[in-house]
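Open the structure in your viewer and keep the selection tool at hand. Each stop below tells you what to select and what is there.

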Amino acid sequence: MWIWLNGHTWAQRQCERLGIGYTAWHDVAAGGRREAGDPDAKLDHIVLGPTGLYGVLSEDFGAAVGVRRGELSGEPVRGLTPVADLLGRMRVVARAAKVKFSGAIVVLPDEDLPQSVVPLGSVRGIPVVAVGRSALANVLRQGVPGARDIGGNELLAVRTRLQATVTFV
């Protein structure tokens, strides 16, 4: 029996199946002063594991998207800035928890990308990629190209800080 899952639920399940070495938080409040109390001001997922700390956005724009200057582009994205919004929300969480993200991942349906992993560049030292849904778990296990790995002691410290800081929407 097949059950249809939206992108957010799909990504959440993929994160939960990564194994004991990974910790994932879902629907994390990430509204700054301007967005305080806004339920849309959230990080869809934060994933911490041996390959790094990642902010993950799950989206489905309903059609294929392109890339222009490190941002998603095309008719379905017109007027939106999903990558910039993701990075801004990651900064809010990073400041509150005093942690540094290793990378940002935008998850889209496989058919909306020309290949399974599309590098979008680096913003303020944080590598950003767009990945198809089927490639998410593999990217999290192998790490985003250019992302900084996290050692054992740092991993535990980051997990502790996030556990103490994260609130959910």
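How much area does the protein expose, and what share of it do carbon and sulfur atoms supply? The exposed area is about 9,100 Å², and 51% of it comes from carbon and sulfur atoms. The model is a predicted one.

**Stop 1: the whole chain**

Show the cartoon view. The protein has 4 helices and 8 strands. Read from the N terminus, the elements follow the order α-β-β-β-β-β-α-β-β-β-α-α. Of the 169 residues in the protein, 47% are buried. Take the contacts between residues at least 6 apart in sequence: 64% of them join residues at least 24 apart.

**Stop 2: strand β1**

Select residues 23–29, which form strand β1. Within this strand, pick V28. Is V28 buried or exposed? V28 counts as buried because its relative accessible area is 1%, and the cut-off for buried is under 20%.

Now display what surrounds V28. Leaving out residues up to four places away in sequence, V28 touches A41, K42, L43, I46, V93, V166, T167, F168 and V169. One of these contacts, V93, is 65 residues from V28 along the chain, and the two C-alpha atoms are separated by 8.6 Å.

Move to D27, also in strand β1. D27 has a relative accessibility of 23%, so it counts as partly exposed. In a regular strand the side chains alternate between the two faces of the sheet. The backbone of D27 deserves a look as well: its phi is near 55 degrees, a positive value in a residue other than glycine. Most residues other than glycine have a negative phi.

**Stop 3: strands β2 and β3**

Add β2 (42–49) to the selection. How many of the residues of β2 are buried? The count is 7 of 8, so this strand is mostly covered.

β2 is joined to β1 by 6 bridges, and the two strands run antiparallel. To see one pair, select H26 and H45: H26 stands opposite H45 in β2.

Next add β3 (52–58). β2 and β3 pair over 5 bridges, again in the antiparallel sense. Keep H45 selected and add V56, which stands opposite H45 in β3. The link from β2 to β3 is a hairpin with 2 residues.

**Stop 4: two loop residues**

Follow the chain past β3 to D60, in the loop between β3 and β4 (66–68). With a relative accessible area of 44%, D60 is partly exposed. Setting aside neighbours within four places in sequence, D60 is in contact with P109, D112 and R133. Now draw a distance from D60 to V107. These residues are 47 apart in sequence, and their C-alpha atoms are 8.3 Å apart in space.

Go on to R69, in the loop between β4 and β5 (71–73). R69 is exposed because its relative accessible area is 77%, and exposed means over 50%. R69 is not a glycine, yet its phi is positive, at about 55 degrees.

**Stop 5: the second largest pocket**

Which residues line the second largest pocket? Select D40, K42, L43, D44, L57, E59, F61, L80, P82, D85, L86 and R89. Two elements, β2 and α2 (82–97), each give two or more residues to this lining. The element that gives the most is α2, with 4 residues.

Colour the lining by residue type. The residues divide into 6 nonpolar and 6 charged, with no polar ones. The pocket has a volume of about 220 Å³.

**Stop 6: the β7 and β8 hairpin**

Finish with strand β7 (residues 117–123) and strand β8 (residues 126–132). How many bridges join these strands? There are 6, and the strands run antiparallel. Select V118 and A130 to see one pair: A130 in β8 is the bridge partner of V118.

Between the two strands, the hairpin has 2 residues. Select R124 in this hairpin, where phi is positive and near 50 degrees.

Key:
Residues numbered from 1 in each chain as written. Predicted model: local features only at pLDDT ≥ 70, side-chain atom pairs only at ≥ 80, totals over all residues. Heavy atoms only, no water. 1 Å grid on protein atoms, 1.4 Å probe; cavity = no way out; pocket = protein on both sides within 12 Å on 5 of 7 lines; lining within 4 Å. Points joined across faces, edges and corners; volume = space filled by probe spheres on them. Nonpolar A, V, L, I, M, F, W, Y, C, P; charged D, E, K, R; others polar. Buried < 20%, exposed > 50% of the residue type's maximum accessible area, 1.4 Å probe, protein only. Contact = heavy atoms within 4.5 Å. Areas by Shrake-Rupley, 256 points an atom, 1.4 Å probe, with all protein chains shown as cover. Pairing = 2+ DSSP bridges.
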